[in-house]
Amino acid sequence: MVANNEIGYERVLVPVGDKSDPNMLTQLSSTLVDPRQGAVRFTHVTTDRSFVGSQEAWRTGSDSVAESQHTLREEGVESDGTIRTASSALEGILEEAEEYDADAILIGWTDKDSVSSLVDKLLRKANCDVIVFSADDDPIDAESILVPAVVPPDENRLQMIAIMSQRTDATVTFGYVAGSEGSKEDGRELLDQSVDRLAEYGVQAQTELTGATNPVQKLGELSADHDIMVIGTSRGWWLRKTLFGRKTDKIAREAQCSLLMHKWQGEVPPDA
């Protein structure tokens, strides 16, 4: 069993934009990083080649990076920052992740109507975990985490969920919506398995088993009682054919809480 607060990512890369942090990535990074030996790097990528635009982008990016660094240092978390110019934001992030040897990239998702092509490509090309976060509230204040169960839980995702639960004292609920894709008997077996495996990380989860003709809508209703909903990027029934397709966007629109999408390093997203 892993002791509380003794797990976490060692090197988390956080791409930042302007001074605002609508997704509260700085706070989430402090939750996910290993408190013993972990560190966070904030990076700003500019692609504007004009002199005036480039100078302004650098100033804005530098301020944003410095502000995020200062916040983490006040919390006792090691952090540094970089400003990078690249042919595209995607290439800049991937280059920085490789140089930093990041084991996780944490990026924001601000538009629930459609997932950006940047995030789509990043999830496909990054050689490390990718965490995409759309925040309604500060993740540090989370009291309840909902994890829809559609396949047996992966060890990497279980560990990340355990990290979040242990650092925030949030409860974890595995939920299963029975419908055309599975019976309640299937759901109960999967929920029990999920609870048992998360317990190996020192977290005792709750379960919620229900049925609906529209599982996506039902997930949205269930999310109203939680602060964060954690979903994966593949192998689930709603993402079987596309990484970011209509069902993913529907989940995002229906969600009544913050949404965290997690791709672990060895997970291969399906083709678009």
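## Briefing: a buried strand residue and its surroundings

At 0% relative accessibility, I105 counts as buried, because the term applies to residues under 20% relative accessible area. This residue belongs to a predicted model, and its place is in strand β4. The chain around I105 has 272 residues, of which buried residues make up 54%, and there are 8 helices and 10 strands in it. The points below begin with I105 and its strand, then turn to the sheet, the helices, the nonpolar cores and two loop residues.

**I105 and strand β4**

- Once its neighbours within four places in sequence are left aside, I105 is in contact with ten listed residues, namely L13, P15, I93, A97, L122, A126, C128, D129, V130 and I131.
- I105 and V132 lie 27 residues apart in sequence, and in space their C-alpha atoms are 8.4 Å apart.
- In the chain as a whole, when contacts between residues at least 6 apart in sequence are considered, 80% of them join residues at least 24 apart.
- Strand β4 is largely enclosed by the rest of the structure, because 4 of its 5 residues are buried.
- Strands β1 and β4 run parallel and are joined by 2 bridges, and the bridge partner of V12 in β4 is A104.
- Strand β4 also runs parallel to strand β5 (residues 129-134), to which 5 bridges join it, and here the bridge partner of I107 in β5 is V132.

**The sheet**

- As general background, the strands of a sheet pair through backbone hydrogen bonds, and this pairing can be either parallel or antiparallel.
- The model has an open sheet of 10 strands with mixed pairing, and the strands follow the order β3-β2-β1-β4-β5-β10-β9-β6-β7-β8.
- The edge strands of this sheet are β3 (78-85) and β8 (206-211), each of which pairs on one side only.
- Neighbouring strands of the sheet are turned against each other by 25° on average, if direction is ignored.
- Helix α3 (residues 89-100) packs on the sheet, where it touches β1 (11-15), β2 (39-46), β3 and β4 (104-108), and the direction of α3 makes about 150° with that of β2.
- Elsewhere in the structure, strand β6 (residues 144-148) pairs with strand β7 (residues 171-178) in the parallel sense over 5 bridges, and the bridge partner of P148 in β7 is G175.

**Two covered helices**

- Helix α5 (residues 155-168) has 14 residues and reaches 20 Å from its first C-alpha to its last, which is close to the 20 Å expected at 1.5 Å a residue.
- Because 10 of the 14 residues of α5 are buried, this helix is largely enclosed by the rest of the structure; the buried residues are R157, L158, M160, I161, A162, I163, M164, S165, Q166 and T168.
- At the start of α5, a side-chain oxygen of D154 reaches to within 2.7 Å of the backbone nitrogen of N156.
- Helix α1 (residues 25-32) is mostly covered as well, with 8 of its 8 residues buried, and these are L25, T26, Q27, L28, S29, S30, T31 and L32.

**Nonpolar cores**

- In soluble globular proteins, nonpolar side chains tend to be buried together.
- The largest nonpolar core in this model has 44 residues, and those with the most contacts inside it are M160, V172, F174, L198 and L260.
- Helix α5 gives the most to this core, contributing 6 residues.
- One of the core residues with the most contacts is V172, and, with its neighbours within four places in sequence left aside, V172 is in contact with I145, V147, I161, S165, L198, V203, A205 and Q206.
- Apart from the largest core lies another core, of 33 residues, which includes W109, C128, L219 and C257.

**Two loop residues with positive phi**

- D101 is placed in the loop between α3 and β4, and although D101 is not a glycine, it has a positive phi of about 55°.
- D169 is found in the loop between α5 and β7, and D169 too has a positive phi, of about 65°, although it is not a glycine.
- D169 is exposed, because its relative accessible area is 68% and the term exposed applies over 50%.

Key
Residues are numbered from 1 along each chain as its sequence is written. This is a predicted model: local features need pLDDT of at least 70, side-chain atom pairs count only at pLDDT 80 or more; totals for chains, interfaces and linings use all residues. Side-chain values use heavy atoms; hydrogens and water are left out. The expected span of a helix is 1.5 Å times one less than its number of residues. Buried means under 20% relative accessible area, exposed over 50%, partly exposed in between (1.4 Å probe, protein chains only). A polar contact is a pair of N or O atoms within 3.5 Å; within protein, one must be able to donate a hydrogen and the other to accept it, and residues adjacent in sequence count only if both atoms are side-chain atoms. Two strands pair if DSSP finds at least two bridges between them. Axes are lines fitted to C-alpha atoms, for helices over the stretch in contact, and angles run from 0 to 180 degrees between N-to-C directions. Contact means heavy atoms within 4.5 Å. A nonpolar core is a set of buried Ala, Val, Leu, Ile, Met, Phe, Trp, Tyr and Cys residues joined through side-chain atoms within 4.5 Å.
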